[in-house]
Amino acid sequence: MKVAVFSTKSYDRQFLAAANLGHGHELVFLEPRLTTVTAALAAGSQAVCVFINDTLDAAVIQAIADYGVQLIVLRSAGFNHVDLQAAAARGLTVVRVPAYSPYAVAEHAVALILALNRKIYRAYNRVRDDNFSLEGLMGFDLHSATVGIVGTGKIGQCFAQIMQGFGCRLLAYDVQPNAHCEALGVEYVALSTLFAQSDVVSLHCPLLPQTHHLVNAESLNHFKSGAMLINTSRGGLLDTQAVIEAIKSGTIGYLGIDVYEQEEALFFEDLSDTIIQDDTFQILQSFPNVLITAHQAFFTRNALTNIAETTLANITDFEQGKPSLNQVHLQGHS
Ligand code: NAD
C-alpha cells in the first residue's frame with residue numbers, strides 16, 4: 001500500500017523503514033506536518049501516517065479523503081487531535097498504537113521529578129562554571145512523600161510501581177480504578193483530596209473534553225502549597241495561565257512538563273535561531289523551578305521499535321481486510 005508519512009524525522013525513517021522490511025509497503029517519507037496546505041502531498045496514497053502534531057480536523061480529513069486516502073495511521077496512542085466524526089462521515093478508518101512503552105513515559109516523568117527536586121539542571125550548569133556552592137539546591141526526600149497519580153492506566157500504573165519503589169505514599173484518581181494499583185497499595189481518592197494531600201501530582205489521563213484544563217484556577221486552590229506538578233500526558237490538561245499565576249504565588253513550587261498546549265508551533269523543530277513569539281511559553285521558561293522537555297517522554301529505542309512494528313502491522317491488517325483491535329472507533333459506534 002502507498003502511504004504518505006507526514007512529520008518524518010531521521011529516526012522515524014530509520015525505524016519505519018526497518019519495520020517495513022517484513023511488509024513491503026511503499027512509504028513516502030515527508031518532512032512537513034499534515035495541514036490543509038500540505039494535504040495535497042497525500043494524493044495517490046491510500047493511507048496517511050501521522051504523529052501527534054499533525055492536523056486531522058474536518059477540513060484536512062475532507063481533503064485527504066478527496067485525494068483517495070482510506071486509512072489514517074497514527075504513530076501515537078493519543079487520538080485527541082483526530083476529528084473522528086469527520087473521519088467516520090468520510091468512511092476513513094483510523095488506527096493507532098495503543099501501547100508502545102508505558103515504561104518510557106513513566107520513567108521520563110520520574111526523570112522530571114528527580115531533576116526538579118534535586119535541581120540537577122542548575123547543578124550541572126553551576127559545576128561547569130566552577131561554581132560549587134550548594135545555595136539554592138536543597139531538595140526533599142521522595143521517601144514518605146505523597147504522590148498523586150491522575151489516570152492509572154498503562155503509564156500511570158508503571159509510574160505507581162516506580163514511585164512505590166521510592167517509598168512514597170501513593171494516591172490516585174481515575175474514573176476506572178486499576179486493581180493492580182490497588183494491590184500495590186495505591187489509595188483511590190477524590191481529585192480534590194488528591195490535590196490537597198499530594199507533594200507531587202503527576203498527570204497520566206488522556207485529554208478529553210472532561211479533562212481539558214483539569215488543572216485550572218479553581219482546582220489549583222486545592223493544591224498543597226509548594227507542590228510539584230508533572231505533566232507528561234497532554235498540554236491541554238493544564239490551564240497554563242492559571243499555572244503561571246500559581247507558580248508566582250508559590251502554590252506550585254515546581255513544574256515539570258513534557259507537553260504544552262500550543263506545542264505544535266514549537267516542538268520537534270530547531271528554533272534556536274528564531275525569536276519565539278509565544279509569550280506564555282517564554283514566561284514559563286523564565287522561572288527557575290520550571291523544567292520543560294519537548295515531548296520526548298516516549299523517545300526510547302524500545303518505544304520507537306514498537307511504534308514502527310505496530311504501525312506497519314496496522315497498515316497490513318487494513319490492506320488484508322482484517323479487523324484490528326487498534327482501530328479507533330467513534331464513541332458509541334463499534
Ligand atoms: P491508558 O488509556 O492506558 O490510561 C489512561 C487512564 O486515564 C485510564 O485508566 C482511564 O480510565 C483514565 N481516565 C480517563 N478519563 C479520566 C478522567 N476524566 N480522569 C481521570 N482519569 C481518567 O493510557 P496510557 O497509555 O496510560 O497513556 C496516558 C496518556 O499519556 C495518553 O492519553 C497520552 O496523552 C499520554 N502520552 C504521552 C506521551 C509522551 O511522549 N509525552 C506518550 C504516550 C502517551
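1. Helix α10, which spans residues 240-249, has T240, A242, V243, I244, A246 and I247 as buried residues. The model in which this is seen is a predicted one, and the points below should be read with that in mind.

2. As for what lies over those positions, the cover of the buried residues of α10 includes the helices α9 (217-220) and α11 (279-286), together with the strands β10 (227-231), β11 (252-257) and β12 (290-292). Elements on either side of α10 in the sequence therefore take part, since α9 and β10 carry lower residue numbers and β11, α11 and β12 carry higher ones, the numbering running along the chain.

3. Just after α10, the backbone at G250 adopts a positive phi of about 95 degrees, a detail worth checking when the exit from this helix is inspected by eye.

4. Turning to charged pairs, a search of the whole structure returns six salt bridges, and three of them are taken up in the following points.

5. One of these bridges joins E269 to K9, with the closest N and O atoms 3.0 Å apart. The two partners come from distant parts of the chain, 260 residues apart: E269 sits in the loop between β11 and α11, whereas K9 sits in the loop between β1 (2-5) and α1 (10-20). E269 counts as partly exposed at 49% relative accessibility, a value that falls just short of the exposed class, because that class begins over 50%. K9 is also partly exposed, at 22%, and here the relevant limit is the other one, because buried means under 20%.

6. A second bridge brings together the side chains of R169 and E187, at 3.9 Å from N to O; this distance lies within the 4 Å cut-off for a salt bridge. R169 belongs to strand β7 (residues 169-173) and E187 to strand β8 (residues 187-188), so the pair ties together parts of the chain that are 18 residues apart in sequence. Both residues are partly exposed, R169 with a relative accessible area of 34% and E187 with 40%.

7. A third bridge is formed by K224 and D199, whose closest N and O atoms are 2.9 Å apart. Here, too, the pair links distant parts of the chain, 25 residues apart, with K224 in the loop between α9 and β10 and D199 in the loop between α8 (191-197) and β9 (200-203). K224 is partly exposed at 33% relative accessibility, and D199 is likewise partly exposed, at 23%.

Notes:
Residues numbered from 1 in each chain as written. Predicted model: local features only at pLDDT ≥ 70, side-chain atom pairs only at ≥ 80, totals over all residues. Heavy atoms only, no water. Buried < 20%, exposed > 50% of the residue type's maximum accessible area, 1.4 Å probe, protein only. Helix = DSSP H or I, 4+ residues; strand = E, 2+ residues; numbered from the N terminus. Contact = heavy atoms within 4.5 Å.
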